[in-house]
Amino acid sequence: MTEHHLDEGMMALAISQASAAASAGDVPVGAIVARGEDVLAGAGNAREQQGDPTAHAEVLALRGAAAAVGSWHLEGCTMYVTLEPCAMCAGALVLSRIDRLVFGAADPKAGFAGSLGDLVRDTRLNHSVAVVGGVLERECGEMLTAFFAERR
């Protein structure tokens, strides 16, 4: 399987996680952590469900992946997320030592993987993450647009 096809397939799984989050009343962001073709963990935003401001999809997926491998070191892994990570999540990706970040829609208001800042590729830090943006961008963006349109 080519890297492009793998990225799209994993992003489709992240979209499923985002859809489940929306059904539960949370902002539809979904994340998957995989090592190659092996999915280690997946999560959707759960801030409303858990009453926890840190319960972003990325943080929950990183926690699940660390539990699955028995270590916070996630070298060799890729994070797939439907929306460009915020500063908190970008920091968590660096701290986890994850190798790659693949995201769907850019977040011009809060994204820290190229939009407002680029924490994941900041060379001053002890680890940097390779980034691929725009994977299934339309599908990821439409889900967010529809969610917020319903609440206006």
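1. Which residue is the bridge partner of Leu-83 in E4? The partner is Ala-105, and the points below place that pair within its strands, the neighbouring elements and the pocket. The model under review is predicted, so that local features need pLDDT of at least 70 and side-chain atom pairs count only at pLDDT 80 or more, whereas totals for chains, interfaces and linings use all residues. Residues are numbered from 1 along each chain as its sequence is written, and side-chain values use heavy atoms, with hydrogens and water left out.

2. Strand E3 covers residues 78–83, and 6 of its 6 residues are buried, so the strand is largely enclosed by the rest of the structure. Buried here means under 20% relative accessible area, exposed means over 50%, and partly exposed lies in between, with a 1.4 Å probe and protein chains only. Strands (E, at least two residues) and helices (H or I, at least four) are DSSP runs, numbered from the N terminus.

3. E3 pairs with strand E1 (residues 30–35) in the antiparallel sense over 4 bridges, where pairing requires that DSSP finds at least two bridges between the two strands. Within that arrangement, Val-33 has Met-79 of E3 as its bridge partner.

4. Strand E4 (residues 100–105) runs parallel to E3, and the two are joined by 5 bridges. One of the bridge partners in E4 is Arg-100, which is matched with Thr-78; another is Ala-105, matched with Leu-83. For E4, too, 6 of the 6 residues are buried, so that strand is largely enclosed by the rest of the structure. E4 is also joined to E5 by 3 bridges, again with the strands running parallel, and in E5 the bridge partner of Leu-101 is Val-131.

5. E3, helix H4 (residues 87–96) and E4 together make a right-handed β-α-β unit. The handedness is assigned by pointing the strands away from the viewer, in which case the path from the first strand over the helix to the second runs clockwise. In the loop between H4 and E4 sits Arg-97, whose phi is near 65°, a positive value in a residue other than glycine; Arg-97 counts as buried, at 19% relative accessibility.

6. A second backbone point for inspection is Leu-136, in the loop between strand E5 (130–132) and H5. Leu-136 has a positive phi of about 50°, although it is not a glycine.

7. The largest pocket holds about 510 Å³ of space. Its detection uses a 1 Å grid over the protein atoms alone: a pocket is an open set of points with protein on both sides within 12 Å along at least five of seven lines, a cavity is a set of points where a 1.4 Å probe fits but cannot get out, and lining residues have an atom within 4 Å of a point. Grid points are joined across faces, edges and corners, and the volume is the space filled by probe spheres set on the points.

8. Of the 20 residues that line the largest pocket, the closest to its centre are Val-27, Leu-83, Asp-107, Leu-144 and Phe-148. Helix H5 (residues 137–150) supplies the largest share of that lining, with 4 residues. By class, the lining divides into 10 nonpolar, 4 polar and 6 charged residues, where Ala, Val, Leu, Ile, Met, Phe, Trp, Tyr, Cys and Pro count as nonpolar, Asp, Glu, Lys and Arg as charged, and the others, Gly among them, as polar.

9. A search of the whole structure finds 0 disulfides, a disulfide being a pair of cysteine sulfur atoms within 2.5 Å. For Cys-89 the closest cysteine sulfur, in Cys-86, is 3.8 Å away, too far for a bond, and Cys-89 is buried, with a relative accessible area of 0%. For Cys-140 the closest cysteine sulfur is that of Cys-89, at 15 Å, which is also too far for a bond; Cys-140 counts as buried at 1% relative accessibility.

10. Two C-alpha separations complete the note. Leu-13, in helix H1 (residues 3–23), is partly exposed at 38% relative accessibility, and its C-alpha atom is 8.1 Å from that of Gly-42, 29 residues apart along the chain. Gly-114, in the loop between E4 and E5, is partly exposed with a relative accessible area of 47%; Gly-114 and Arg-152 are 38 residues apart in sequence and 28 Å apart in space, C-alpha to C-alpha.
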